[in-house]
Amino acid sequence: MGYKVKEVRAAANGRWPDILAAFGVDRKALRDEHGPCPACGGNDRFRFDDKNGDGDWYCNQCGGPNGDGGAGDGFMLLQRVCSLDLGDAINEVGKFLYLPDPGDDNRPRAQTMPRNEKPAGASDAWVPVIPVPADAPPLVSGGVAMVWNPKKEGAEGYNGSKLRPAHVAEVRNIEGDLFGYVLRCEFKPGEKITPQVTYCAHRETGEPRWCMIGIPPKRPLVGSELLADVAEGGPVMVVEGEKKREAALRLVGGRMPVVSWIGGAKAVGLTDWTGLRGLKVIGWPDADPEGIAAMTGTSIDGNPGRDGVFQAVTAAGAAGFRWVAPPADHLEAADGWDLADAEAEGWDWGRLAAYIRDSIREAAPVDRQTPKAAAPERKPAPAPIAAPAPAGAVAGPVPAASDNEPDDPNEEPEVGGGIASFVRPMGHNGGSFYYWSAGLGQIVEMAPGKHTKSGLMALAGADIWRAFFPKPKSTEFDVDSAADWMMESCRLLGVYDPRKVRGRGAWIDDERSILHLGDRLIVDGRPTELPKLRSVYAYQANYRLRGPADTPITRAEIRQLEDLAKRIRWDVPASAYLLLGWVTLAPICGALKQRPSIWITGASGSGKTTVLQRFLIPLLGDLLHYFQGAGTTEPGIRQELAGDAIPVVVDEFEQNDKRHQERVQAILELARGSYSDDGAKTAKGSSGGTANLYTVRSMFAFSSINVGIKEKADTNRIAVLSVRNPEEPETDADRERLAADWENFAAALDFITPELGRRILARTVSRLPVIRENVRVFVRAAAGILDSQRLADTYGVMMGGAWSLLHDAAATPQSAKAMLKALDWSVYTESAVENEAESVLSAMLQHVVLCDGADTRASLSLGELVKISATGRGFSGIYRKDADAMLARYGLRVRSGRLFIANNSRLLARALTDTPYSINWKNYLRRIKGARSEGTIQFSTALTQRATSVPLAPIVPPGDMFE
């Protein structure tokens, strides 16, 4: 039974601004002046005058009873904004105002009262507190929940309701804030209640209680907190109801998040769907007319109804929406069959995934005003296209199940013959045409003028073309007819996205773990031929990679590998685990959301080359692109990758001159673009006047004596792993001991081989979903330890990889924090990054020079000379004039409380030799607080340079400076 119109209208009188604002209408629109319409979005067409307190409004585009312009009241505006019919709008306003339950025949009748006057014991005395405070007592499944029912307030003997919910569903927003609960209380078969419960405070006393008061619109989706970690374009399943969501979560097993809305089929418009922006939504409706309508906005026979999930997520900016048709027998019986029933029938992920792929449908847009015209028939391709789909490139619908359906639901069914079995048109883009060549195992781009005899024979042999395009009275084939069929088919298939081509490496594809090894795939652990994968992506053939070994690495071997990593002479012990994490994750980098890089550095003789050549590279085996830095360029790396998602190693990555500096910075920019899986593309111009778009998904490892990081963005994305030199031996015995230690370590490194790397890969690939979750847990834990989310993304990812190698158990927030806190991260914090700039200045000022005075010569540091110049007080026979002359030779000058430093000085570069700052010190200095770029400064008759200046105060106390 619904609320009475007159009762609700009377109770709502004078309260429409609050009501409409609670249902998502911007309060800026609720004033008597022209502005954008909250219903149709029209500019300057709407005004809200709230005439007589009834929520009256006017829009010259969507107002009026027919929606073609005119006036309306608050109920009509609520209908338009939330896609409700009048009955639902009345019921929702009645619930919002906490009016007595209309099903209670003994309920008191609502009365028309003066504005702001309340009856005694009115239920709006309790106000939801959102988000729920941290100290609120939690409600748990199977426990006792003491809940206050405002509708019974004042009833004789009522002291609250004692409920025992069989299930408690948390309702949180995408940030994880708790809004309330949905309880499911079961009394006997077929009898249950599912109240919404919010934590409320009494308006007058402030007393807090859990109350049977609904969560205000727009309500978060149940499971919204899972959406924060979903990459742009990632999948998410939507079901109706909390019980079905729990079943769906168990069935999908973490392969995608599952969310549901609360309030049933008629509450779609009261839900906040913005968390699905940029995601691909899969809707699974109940098997009845109401379920189909709630999900798609149309009835089973395609007639339009109220807006459903499809319309809501589309308006919220979802990247796409498709829905799964329930089994025909259940749909015909309209028995409401859902995923909870599927779980009870013994379904598992394999059966669910196969059913989704066979039963998924596109949702048709609905014209609410006029019937849709019949779509014109498209001209069919001149030759049959019912042939095996190329490596993942599905043009048109996936073939229906038949007797030749493959056993593996990942694979395409074997169908048909025809020319498309050998050369399959894929579409067109930018004036080019794209074809899958079965003989090449690749997608080939062809300009119109390349559709020649030789061009076609590059795709397939002459015998094949003759069989399908014979030329009368000739042994040749009809090139023109073949070319016409090819290009016409591409035009009919529409625009092709070349970025859908995937190279070798690890990928996530429709929640499946894919390892592309050049000539074959491993899909969720099963070997699969390239052309047989059912996917929207094309996995191109390339030269063969060996791939994972048959048996994974053992626990004993893992401990031995960990011990070797820790025996390296690291400046920071955490570097051992960062290296282990990097070599674990780099081979599967294409399946990660963040892809941090490492830079192995150390002075000559420190052993950094040994780390690279005998530890890192053997473990990667053939699953890498290896470059020598001196002549390597960014375009060369990019073109060599050609869509591969495998690690890149660049050795001897020095920048000894300006040309090398430019090459290094360009490669670092490439690595920076590869860091995040945010869907962004990089564009490079071409000689033809069009942009070449590409996406790099590799993890990079660099090695050099000097670290050439200039940009702060790179500092946060690249972990510097520094190897220190051994201590200088003082005696022959020390020298012999160090030599013996090194020989033992070098011999121990023989344990590390490409075969061991293949066994690590076998472990990694088999646990890819677990590893991705471990990484997510470590990133969150690192955010509480490091002082930057970007640093947490970088170091948390690699530590998650290290955990995944060293432990079989999944990481928990507690175990992640324990592992992180056991290591010293002080040098990797944001403040340490900033302090590196001060380290440059310190290294500069500690350089010792031989300075001549009037009657003496003394060895002083540049810092001491700066103090002499700044204070005017001599030291060791060296006075201000002497100090200024020596400083000028190095490109330093003290003036007006600042130290001016030349941007290019040969003597300064020499002073900073064997430090990471010998080339790019100005970029570090500019990070010092108060630093600024200066114009041209004449330091001496031989040195005129642009300069950077820093405050003298940290070097010389202001009170000591010479005026």
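Here are some notes on this predicted model, meant for someone opening it for the first time.

1. Let's begin with the overall make-up. The protein has 963 residues, and 50% of them count as buried. Along the chain there are 29 helices and 38 strands. Its accessible surface comes to about 44600 Å², with 50% of that belonging to carbon and sulfur atoms. If you take the contacts with a separation of 6 or more, 64% are between residues 24 or more positions apart.

2. Next, how far to trust it. The mean pLDDT is 81, and 86% of the residues reach 70 or more. Confidence is highest in helix 15 (residues 574-585), with a mean of 96, and lowest in strand 29 (residues 682-685), with a mean of 54. Residues 104-122 have pLDDT below 50, and that stretch makes 15 contacts in the model beyond near neighbours in sequence. Residues 368-417 also stay under 50, though the model gives them 102 contacts beyond four places in sequence. Where pLDDT is low, don't read the predicted coordinates in detail.

3. Now a look at the cysteines. How many disulfides does the structure hold? The count is 0. C200 is a good one to check: its closest cysteine sulfur is in C211, and at 4.0 Å that is too far for a bond. C200 is also buried, because its relative accessible area is 0%. C185 counts as buried too, since its relative accessibility is 2%.

4. Two helix residues make a handy pair for the question of exposure. E246 sits in helix 5 (residues 242-252). At 23% relative accessibility, E246 counts as partly exposed, because the buried class stops under 20%. In sequence E246 is 93 residues from L339, yet the two C-alpha atoms are 9.2 Å apart in space. T610, for its part, belongs to helix 16 (residues 608-620). With a relative accessibility of 19%, T610 counts as buried. Leaving aside residues up to four places away in sequence, T610 touches F615, W742 and L749.

5. For a sheet to trace by eye, try the one made of 4 strands. It is open, runs in the order 21-22-23-24, and has antiparallel pairing. Which strands are at its edges? They are strand 21 (505-509) and strand 24 (526-528), each of which pairs on one side only. From one strand to the next, the twist averages 30°. Inside the sheet, strand 22 (residues 512-516) and strand 23 (residues 521-523) run antiparallel and are joined by 3 bridges. One residue pair to find there is I514 with its bridge partner V523 in strand 23. As a reminder, strands of a sheet pair through backbone hydrogen bonds.

6. Strand 33 (residues 848-852) is worth a close look for its alternating side chains. V849 and C851 point to one face and are buried, whereas V848, L850 and D852 point to the other and are not. A hairpin with 4 residues links strand 33 to strand 34. Those two strands pair in the antiparallel sense over 5 bridges, with strand 34 covering residues 857-861. Across that pairing, L850 stands opposite S859.

7. Helix 27 (residues 880-890) brings several of these elements together. Its buried residues are D882, A883, M886, L887, A888 and Y890. What covers them? The cover includes strand 33, helix 26 (862-871), strand 35 (892-895), helix 28 (906-911), strand 37 (932-940) and strand 38 (943-951). Right after helix 27 comes G891, which has a positive phi, near 85°.

8. Last stop is strand 38, which appears in that cover and has pairings of its own to follow. Strand 37 and strand 38 form a hairpin with 2 residues between them, and the two run antiparallel, joined by 6 bridges. T936 has R946 in strand 38 as its bridge partner. Strand 36 (residues 898-902) also runs antiparallel to strand 38, with 5 bridges joining them. In that pairing, A902 stands opposite A947.

How values were computed: Residues numbered from 1 in each chain as written. Predicted model: local features only at pLDDT ≥ 70, side-chain atom pairs only at ≥ 80, totals over all residues. Heavy atoms only, no water. Buried < 20%, exposed > 50% of the residue type's maximum accessible area, 1.4 Å probe, protein only. Contact = heavy atoms within 4.5 Å. Pairing = 2+ DSSP bridges. Axes fitted to C-alpha atoms, helices over the stretch in contact; angles between N-to-C directions. pLDDT = per-residue confidence, 0-100. Areas by Shrake-Rupley, 256 points an atom, 1.4 Å probe, with all protein chains shown as cover. Disulfide = S-S within 2.5 Å.
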